[in-house]
Amino acid sequence: MLSGSLCFGFVIKDQRKLDGLNISTWIWNTGVFNQDLRATNTAGLEWPKGTGKFACFTAGLSIGAYINGELRLGNASYNGEYAPGYVFDSAGIPIFKTNDSFKIYSIKNTDTYLSSADYRNWKLMVPYGAPYTDINNNGMFDEQIDIPGVDGAMQTVFVCLTDADSSNHTSSEGLSGGTPPVFAEVHFTSWTYDLQGLGDVIFHKWIVVNKNKYNWEKTKIGVFEDCAIGDENDDYIGYDSSLKLGYCYNYSNLDGDGYGRSYGWNPPASGFTFLQSPIDNVTRDTLEMSFTPAYKNMFLCTLDPSSPQTGYNYMSGKQRNGMAWYNPLENPLRATKKTYTGNPVDSTGWTERNGTYIGCGTSPYPDSTLISPLPPNDRRYYMFNISDNFTVRPGEKQKLIGCQLVARGNSNLNSIDKLRELKAKVDVFYNLAIKNNSDENTNIADPNKLPASYKLFQNYPNPFNPVTTIRYEMKKLWQVKIQIYDMKGELISTLVNEPKPQGNYEIKFDASSLPSGIYFIKM
């Protein structure tokens, strides 16, 4: 197992390497990913794996909120303001707690109870959201029976984090932290699959819990990414709003000189997408996410944040000084939090070649300057909830699921199309395999109790050969359809298609006539 550690401030930084079939990255115990701490300022999202070439420099999930009128941030971008541990309620006062059990855990699908200490100790993190496959379907983790990690994953990395240690909050974090803690507890899971078609994808899930005794008001939760396609000095960024895909691509069809970390001709494109974004627990609305840029060494009002407020401005979909972004192709102009939504492949819509309004003075538009086209350079982008009135109450959880993906075509622009095709495959896989099974370990139904919900449970055994049992429950009489799909999203079998009254049900699926592989159940 590859890892690395470095003493920084009051946290001993540590990392674990997460491998996919054709992609790899590093997960830190401070909330950062896609950066390698074994050397200073070293990119960590390696693609293709083993080549020494990188498609992203660093990334992380950050939180900004007003607590009793005071702006506070919990950031993860270049260093991370989190630490392994949890938040303990001491007579109504949240305090930071940790011990030797709180560290990064890594499980591969080849690990066993005897071969891996993380496998043996996984039970210590199950109460904090570490995922597992409930083999005997009893709703609890049974050592040497249940399987640690995301079901079917090639590798799973898990760490329970909190920003509750104020000594880890520093202005050197990168998004200009240094505020008092927001008192977030974050259950962070990253995983990959050894499945054809998903070899260039890394999945991430965050369960974010407000462990403060006060509301988080005007909350911003999302991901910052410093993208870098090989040589980072010739990049552009864009956003496909239909796919909710932020991406980074090379300005021209030649990245650097092709030596060292640069890709040369026909460079790839990398992207990040939220498969599940925050949900307002009052309205139950799923919140839209912004896509806004920041630029290194280009314009004063688009440089890295210089204070907590400028960091929060970026999280809020604005420029560093609080000015809005404007699409120069619109007349009349209107503020937007989704930039560069055009298509660079066919030169339609708003791309960085059309430029943007940069307002580095104190006045908003029309005293801004239209820079067109924008010069290529080192790019960063922010994807945070657009809503400015999002409240997270004490004890509430927010679940975010995202993924990092890389694709290469026969040109820099064709790589964008290949990235979109890969995102479409991810969407199919997510809807069939992850979406309804991504909660922290849910319990199996009690067969003696009338159910109060509609629910499809994990099949057992899993893996199976050739027969498996599928259980589901019905809240009341309703038409039920249960179907089996293959990896391509094609229908294999319809097991149930009839009305079912309230109750608990069990059916068998016999795959003896089907080739070995991964199949999905949909109710």
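How many nonpolar, polar and charged residues does the lining of the second largest pocket have? In this predicted model, the split comes out as 9 nonpolar, 7 polar and 6 charged residues. The pocket itself takes up a volume of about 410 Å³. Its lining is made of 22 residues, and those nearest the centre are Lys-244, Phe-274, Leu-275, Gln-276 and Ser-277. Two elements, β24 (269–276) and α3 (412–434), are the ones that give two or more residues to this lining.

Next come the closed spaces. Rolling a probe the size of a water molecule over the atoms shows where empty space is left. Searching the whole structure turns up 2 cavities of 30 Å³ or more. The largest cavity has a volume of about 40 Å³, and around it sit Gly-31, Leu-61, Ala-76, Tyr-82, Leu-161, Val-186, Phe-188 and Trp-206. This lining counts 7 nonpolar residues and 1 polar one, with no charged residues at all.

The second largest cavity comes in at about 30 Å³. Its walls are put together from Tyr-113, Tyr-119, Arg-120, Phe-141, Glu-143, Gln-144, Asp-146 and Pro-148. Here charged residues do turn up: the lining has 3 of them, along with 4 nonpolar and 1 polar.

Trp-206, already met in the lining of the largest cavity, shows up again in the largest nonpolar core. This core holds 59 residues, and Trp-206 and Trp-216 are the ones that touch the most other members. Strand β8 (residues 54–67) supplies the largest share of the core, with 7 residues. Another core lies apart from it and has 29 residues, including Val-426, Phe-429, Tyr-430 and Ile-434.

Finally, there is a sheet to look at. Three strands make up an open sheet in the order β32-β33-β36, and their pairing is antiparallel. Why is one side of β32 and of β36 left without a neighbour in the sheet? Both β32 (455–456) and β36 (503–510) stand at the edges and have a single partner strand each, so one side of each stays free of a neighbour in the sheet. Between β32 and β33 (residues 467–474), which run antiparallel, there are 2 bridges. Zooming in on this pair, Leu-456 is found opposite Tyr-472 in β33.

Note on methods. Residues numbered from 1 in each chain as written. Predicted model: local features only at pLDDT ≥ 70, side-chain atom pairs only at ≥ 80, totals over all residues. Heavy atoms only, no water. 1 Å grid on protein atoms, 1.4 Å probe; cavity = no way out; pocket = protein on both sides within 12 Å on 5 of 7 lines; lining within 4 Å. Points joined across faces, edges and corners; volume = space filled by probe spheres on them. Nonpolar A, V, L, I, M, F, W, Y, C, P; charged D, E, K, R; others polar. Helix = DSSP H or I, 4+ residues; strand = E, 2+ residues; numbered from the N terminus. Pairing = 2+ DSSP bridges. Core = buried A, V, L, I, M, F, W, Y, C linked by side-chain atoms within 4.5 Å. Buried < 20%, exposed > 50% of the residue type's maximum accessible area, 1.4 Å probe, protein only.
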